[in-house]
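Let's take a walk through this one together, going from a single residue out to the whole chain. Keep the sequence beside the 3D view as we go.

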Amino acid sequence: MEPFLDGVAKALDAVQDAGVENVRIHRGDGRDVLDRLAAASLETVYVLFPDPWPKKRHWKRRLIQADTLDQIARVLAPGGRLRVATDVASYVDWTLFLVRRHPHFAWTARRAADWRAPPADHVRTRYEKKNIGDIAPTYLDFARL
Ligand SMILES: C[S@@+](CC[C@H](N)C(=O)[O-])C[C@H]1O[C@@H](n2cnc3c(N)ncnc32)[C@H](O)[C@@H]1O
C-alpha cells in the first residue's frame with residue numbers, strides 16, 4: 001500500500017528482482033485497503049517507520065490514530081499482532097498513548113530488550129537504515145485481544 005507512484009515503481013522493481021509472486025501492491029491509502037479486508041483475516045500488521053510528522057501541529061497526519069487502530073483491530077485475527085517500529089521519540093510516546101488506551105490491544109513487552117532489539121522476524125527497512133530519527137529504532141509489538 002503506497003500512495004506515491006515512485007514508491008510503487010520501486011516496490012515493483014524489488015518484487016521483480018526477488019522473483020517473488022505472493023505480493024499484492026495497492027497504489028493509494030493503506031487505510032482504504034483495511035476497510036475492504038474481511039474481519040479477522042490477518043495474522044500480523046506491520047507499520048514500519050511511518051512518516052514521522054515530528055511537528056506537533058502535524059501529528060494529526062500520522063498514520064497511527066485511534067481510527068486507524070480501530071481499522072487494524074477489525075482485520076486482525078484474535079491473538080494477531082500489530083508491530084509499530086519507529087526511530088522518533090515522540091512517535092513512540094504517541095503510539096503507546098493511543099494503543100494502550102485501545103480496548104483490543106495489549107503491549108507485549110516485558111523488558112527493555114523487547115523494544116530495543118529487533119524482533120527475530122524483523123527485516124530492516126530502507127528508511128530504518130538511513131538512521132535519521134532522534135532515537136535508536138524502537139519496536140513496539142501489540143497483541144490483538
Ligand atoms: C518514512 S517512509 C517508510 C517506508 C518503509 N516502511 C521503510 O521503512 O523504509 C513512509 C512511507 O509510507 C507511505 N505512506 C504514508 N501514508 C500512507 C498511507 N496512508 N497509506 C500507505 N502508505 C503511506 C509514504 O508514502 C512512504 O513511502
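Where is the place of T125? Keep in mind that we're looking at a predicted model. T125 sits in a loop, the one between α5 (113–116) and α6 (126–130). Is T125 buried or exposed? With a relative accessible area of 19%, T125 counts as buried, because the cut-off is under 20%. If you skip its neighbours within four places in sequence, T125 is in contact with L48 and F49.

Now bring in the ligand. T125 puts a polar side-chain atom 2.6 Å from an oxygen atom of the ligand. E2 does likewise, with a polar side-chain atom 2.6 Å from a ligand oxygen. R126 takes part through its backbone: a polar atom there is 3.4 Å from an oxygen atom of the ligand. On its own the ligand has 600 Å² of accessible area, and the protein covers 73% of that. Step back a bit and you'll find 15 residues surrounding the ligand, the closest being E2, G30, L48, T125 and Y127. So L48 turns up twice here, as a contact of T125 and among the residues closest to the ligand.

On to the packing. The largest nonpolar core has 21 residues, and the ones that touch the most other members are I64, L69, I72, L82, F105 and F142. Which elements give two or more residues to this core? They are β1 (42–48), α3 (66–75), β2 (76–86), α4 (89–100) and β4 (138–144). The top contributor is α4, with six residues.

L82 is a nice spot from which to look around this core. Beyond its neighbours within four places in sequence, L82 is in contact with V45, V47, L69, I72, L76, F105, L140, D141 and F142. Two of those contacts, L69 and I72, are also buried residues of α3. The full buried set of that helix is T68, L69, Q71, I72, A73 and V75. Residues three or four places apart on an α-helix point the same way, because there are 3.6 residues a turn. What do the buried residues of α3 pack against? Their partners are α2 (30–36), β1, β2, α4, β3 (105–107) and β4.

Finally, zoom out to the whole chain. The domain assignment splits the protein into domain 1 (1–27) and domain 2 (37–144). Between the C-alpha centres of domain 1 and domain 2 you'd find 22 Å.

Terms used: Residues are numbered from 1 along each chain as its sequence is written. This is a predicted model: local features need pLDDT of at least 70, side-chain atom pairs count only at pLDDT 80 or more; totals for chains, interfaces and linings use all residues. Side-chain values use heavy atoms; hydrogens and water are left out. A nonpolar core is a set of buried Ala, Val, Leu, Ile, Met, Phe, Trp, Tyr and Cys residues joined through side-chain atoms within 4.5 Å. Buried means under 20% relative accessible area, exposed over 50%, partly exposed in between (1.4 Å probe, protein chains only). Helices (H or I, at least four residues) and strands (E, at least two) are DSSP runs, numbered from the N terminus. Contact means heavy atoms within 4.5 Å. Domain bounds come from an automatic or database domain assignment. A residue is near a molecule or strand if one of its heavy atoms lies within 4 Å of it. A polar contact is a pair of N or O atoms within 3.5 Å; within protein, one must be able to donate a hydrogen and the other to accept it, and residues adjacent in sequence count only if both atoms are side-chain atoms. Accessible areas come from the Shrake-Rupley method with a 1.4 Å probe; for residues, only the protein chains shown count as cover.
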